[in-house]
Amino acid sequence: MGKPVNFTGGLTFSILTYTVIKKKNDANGDWEKQEVDLLYSITGYAPKGKITAVMGPSGAGKSNFLDGLAGRIASGSLKGMVSLDGVDVSPRLIKRTSTYIMQDDRLFPILTVYETLMFDADFRLGSISRADKIQRVEKLIEQLGLMSSRNMYIGDEGTRGVFGGEHRRVSIGVDIIHGPYLLFLDEPTSGLNLTYAHSVIEKVHDTATSGSTVILTIHHPSSRIQLLLDHLIILARGQLMY
């Protein structure tokens, strides 16, 4: 999966290798250090304006790969080159340029769904009018299937709030409302039923077609979701299969 001839922007990566040091007992019962490659010599690309899905069985290295691309692996452990729109970039610059949506995001429990999204709209969309922010938030609430819970509190262990699937969709909404230039998502459909999982990927697809480079990990997508995935990277045991 080398860089294509008609490549018009996005993220490219070359010979990515993630090595850690593990300790194990030798034949004499003594501890010895051993280098283990969690990712090995992965080369490929994620085109701009598309969703790139990273797939593979459990233990394939999907999350490690996503963390490596997003600059979230300790310096020195990851080797290789990463370029954004044809320019080599450091892990620090990638972290500043991108948005990373984890499986377990933290939200303010005392805010409602609407207030949470409006807070982030005010924070991230300072250049547009209040009316446009409200319109964007209302549209996002509808697209993510949050109409019935728009005025519910996020909640926490001590305060009753939205359900887990709704919490997940709000977390994703918070991070895509501003149309990030580079977006990483770790298992965005985790905990969602088929309908809501599709609505989330559909919205992420809209973000991509608006000009973002989107890379996500995903397990067993439905046939409807597969139609929204533009580009596939398949890993197994830390190596590139396709």
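Leucine 185 stands opposite leucine 216 in strand 8, and this pair is a good place to start a tour of the model. The model is a predicted one, in which local features need pLDDT of at least 70 and side-chain atom pairs count only at pLDDT 80 or more, while totals for chains, interfaces and linings use all residues. Residues are numbered from 1 along each chain as its sequence is written, and side-chain values use heavy atoms, with hydrogens and water left out.

**The sheet**

Strands (E, at least two residues) and helices (H or I, at least four) are DSSP runs, numbered from the N terminus. Strands are said to pair if DSSP finds at least two bridges between them. With that in hand, the sheet reads easily: it is open, has 6 strands in the order 6-7-8-3-9-10, and its pairing is mixed. Strand 6 (98–101) and strand 10 are the edge strands, each pairing on one side only.

Here are the neighbouring strands, pair by pair.

| Strands | Sense | Bridges |
|---|---|---|
| Strand 6 and strand 7 | parallel | 4 bridges |
| Strand 7 (residues 182–186) and strand 8 | parallel | 5 bridges |
| Strand 3 (residues 51–55) and strand 8 | parallel | 4 bridges |
| Strand 3 and strand 9 | parallel | 4 bridges |
| Strand 9 and strand 10 (residues 239–240) | antiparallel | 2 bridges |

Some residue partners help you find these pairs on screen. Serine 98 stands opposite leucine 182 in strand 7, and alanine 53 faces leucine 216 in strand 8. Further along, threonine 52 has histidine 231 as its bridge partner in strand 9, and alanine 236 is opposite glutamine 239 in strand 10.

How covered is strand 8 (residues 213–217)? Mostly: 5 of its 5 residues are buried, a term that means under 20% relative accessible area, with exposed over 50% and partly exposed in between (1.4 Å probe, protein chains only). Thr213, Ile215 and Thr217 lie on one side of strand 8 and Val214 and Leu216 on the other, and both faces are covered.

Strand 9 (residues 231–236) has another pattern, with side chains that alternate. His231, Ile233 and Leu235 point to one face and are buried, while Leu232, Ile234 and Ala236 point to the other and are not. The hairpin of strand 9 and strand 10 has 2 residues between the strands, and arginine 237 in this hairpin takes a positive phi near 55°.

**Helices beside the sheet**

Helix 1 (residues 62–69) lies across strand 3, strand 6, strand 7, strand 8 and strand 9, and it runs at about 155° to strand 7. Such angles run from 0 to 180 degrees between N-to-C directions, and axes are lines fitted to C-alpha atoms, for helices over the stretch in contact.

Two packed helices are described by the angle between their axes and the distance between the axes. For helix 5 (residues 164–176) and helix 6 (residues 194–209), the angle is about 5° and the axes are 11 Å apart. That makes helix 5 roughly parallel to helix 6; angles under 35 degrees count as roughly parallel, over 145 as roughly antiparallel, 65 to 115 as roughly perpendicular and the rest as oblique.

Which residues meet between helix 5 and helix 6? Arg169, Ile172 and Ile176 in helix 5 meet Tyr196, Val200, Lys203 and Thr207 in helix 6, where contact means heavy atoms within 4.5 Å. The residues of this contact divide into 4 nonpolar, 1 polar and 2 charged. In this grouping Ala, Val, Leu, Ile, Met, Phe, Trp, Tyr, Cys and Pro count as nonpolar, Asp, Glu, Lys and Arg as charged, and the others, Gly among them, as polar.

Helix 6 also holds alanine 197, which is buried with a relative accessible area of 5%. Not counting residues up to four places away in sequence, alanine 197 touches Thr189, Leu192 and Ile225. Its C-alpha atom is separated by 9.9 Å from that of arginine 224, 27 residues apart along the chain.

**Two backbone details**

Most residues other than glycine have a negative phi. Serine 41, in strand 2 (residues 31–47), has a positive phi near 50° and counts as partly exposed at 33% relative accessibility. Glutamate 187, in the loop between strand 7 and helix 6, has a positive phi of about 50° and counts as buried at 9% relative accessibility.
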